[in-house]
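Dear colleague,

I am passing on the structure we spoke of, and below it I set out what was found in it. Please read the notes with the model open beside you.

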Amino acid sequence: QLRKLANKMFDDFVTKFYTLSNPFSSIKKQKLQQSEIVIIPNNHSASIKENIKSNYTKTRAEFYIDYITLLEKLALRPGELAAIIKRNILLMENEAMAMLQITSTKNYKNHLVPVAGEAYKILIKYYHKAKSFDDHLFPGRIILLKDENNKPIKDDRGKYKTKHCHFSVDTISKVFKMACKNLNLPSNYCLYALRATCASKLYTAGLPLQEISRFLNHSNTQV
């Protein structure tokens with residue numbers, strides 16, 4: 001009972017403070033409640049990939065397109081995909097599929113995602129490229145490890161210690177947005193819309209809402 005009372009007092013305080021400090025709070029709340037779900041049609045998705053292919057080198061374009069395709073197929077958040085390391089993948093090569101463990105989730109709960117078909121072919125390609133089990137599948141820049149005095153740290157052999165960062169989500173987001181702009185596609189197209197697009201396709205294919213909710217790692221079917 002005390003916990004319920006404390007929660008109510010906190011909610012009342014936040015509501016009162018938010019309203020007093022922001023005269024447009026009711027408008028903002030209304031916009032949040034009515035936020036639209038963006039679905040990207042197949043033909044637009046294909047056009048975006050073709051535009052990327054024509055504007056970047058073959059290697060870089062392949063990397064971007066593979067990343068976008070995995071977001072489409074697996075309904076992952078962009079940051080979740082970027083954070084995947086080799087250790088998070090359980091391959092079942094005899095069955096041409098894998099299980100992907102997502103640890104950097106929005107609700108802080110580990111999440112298992114089955115991977116098959118085109119997504120599996122892409123995933124296994126980057127899996128074999130990663131040398132260490134702690135390497136990111138989509139690596140970014142390498143940074144020097146530094147101590148509390150901001151000096152580079154060396155190992156026993158006198159070599160500088162480094163750390164591989166994962167690929168920047170901002171980079172692929174800008175690439176995606178630029179392709180949409182080049183094609184005069186809707187301005188609300190973004191990487192996160194690929195997640196909703198995947199969910200829409202699953203629903204159209206007849207998958208129950210409960211299964212779709214579990215696949216997207218939602219707490220319930222209302223999210």
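A contact here means that heavy atoms lie within 4.5 Å. On that footing, among contacts in the protein chain between residues at least 6 apart in sequence, 54% join residues at least 24 apart. Please keep in mind throughout that this is a predicted model.

**Overall layout**

The protein chain holds 9 helices and 5 strands, and, read from the N terminus on, its elements follow the order α-α-α-α-α-β-β-β-α-β-β-α-α-α. Of its 223 residues, 33% count as buried. The largest nonpolar core has 50 residues, of which I52, L76, I89, L100, F138 and F176 touch the most other members; the largest share of this core, 9 residues, is supplied by α4.

One of those core residues, L76, touches L71, L81, I84, L100, I102, V113 and R195, when residues up to four places away in sequence are not counted.

**The sheet and helix α6**

Strands β1, β2 and β3 form an open sheet in the order β1-β2-β3, and the pairing is antiparallel. Because β1 (89–92) and β3 (111–116) stand at the edges, each with a single partner strand, one side of each is left without a neighbour in the sheet. From one strand to the next, the twist averages 20 degrees. Between β2 (residues 97–102) and β3, which run antiparallel, there are 6 bridges, and L100 is found opposite V113 in β3. Helix α6 (residues 117–129) packs on this sheet and touches β1, β2 and β3, while its direction makes about 105 degrees with that of β3.

**Helix α4 and its surroundings**

How do α4 and α7 pack against each other, in terms of angle and axis distance? Helix α4 (residues 58–74) and helix α7 (residues 169–182) meet at an angle of about 95 degrees, and their axes are 11 Å apart. Angles of 65 to 115 degrees count as roughly perpendicular, so α4 is described as roughly perpendicular to α7. On the α4 side the contact is made by Y64, Y67 and I68, and on the α7 side by V169, T171, I172, V175 and F176. In character, the residues of this contact divide into 7 nonpolar, 1 polar and no charged.

Helix α4 also contains D66, which is buried, with a relative accessible area of 8%. Leaving aside neighbours within four places in sequence, D66 is in contact with I122, K125 and Y126.

**Helix α3 and the residues it meets**

Two residues of helix α3 deserve a look, and they can be taken together with their partners later in the sequence. N51 has its place in helix α3 (residues 42–55), and, because its relative accessibility is 14%, N51 counts as buried. When neighbours within four places in sequence are left aside, the contacts of N51 are with A179, N182 and L183. S47 is found in helix α3 as well, but at 31% relative accessibility S47 counts as partly exposed. Although S47 and L183 are 136 residues apart in sequence, their C-alpha atoms are 7.8 Å apart in space.

**Two residues with positive phi**

Most residues other than glycine have a negative phi, and most peptide bonds are trans. Against that background, two residues may be worth inspecting in the model. For A75, phi is near 55 degrees, a positive value in a residue other than glycine; A75 has its place in the loop between α4 and α5 (78–82). Is A75 buried or exposed? With a relative accessible area of 1%, A75 is buried. For N150, phi is near 65 degrees, again a positive value in a residue other than glycine. N150 is found in the loop between β4 (139–144) and β5 (162–166), and, with a relative accessible area of 52%, N150 is exposed.

With best wishes

Methods:
Residues are numbered from 1 along each chain as its sequence is written. This is a predicted model: local features need pLDDT of at least 70, side-chain atom pairs count only at pLDDT 80 or more; totals for chains, interfaces and linings use all residues. Side-chain values use heavy atoms; hydrogens and water are left out. Helices (H or I, at least four residues) and strands (E, at least two) are DSSP runs, numbered from the N terminus. Buried means under 20% relative accessible area, exposed over 50%, partly exposed in between (1.4 Å probe, protein chains only). Axes are lines fitted to C-alpha atoms, for helices over the stretch in contact, and angles run from 0 to 180 degrees between N-to-C directions. Angles under 35 degrees count as roughly parallel, over 145 as roughly antiparallel, 65 to 115 as roughly perpendicular and the rest as oblique. Ala, Val, Leu, Ile, Met, Phe, Trp, Tyr, Cys and Pro count as nonpolar, Asp, Glu, Lys and Arg as charged, and the others, Gly among them, as polar. Two strands pair if DSSP finds at least two bridges between them. A nonpolar core is a set of buried Ala, Val, Leu, Ile, Met, Phe, Trp, Tyr and Cys residues joined through side-chain atoms within 4.5 Å.
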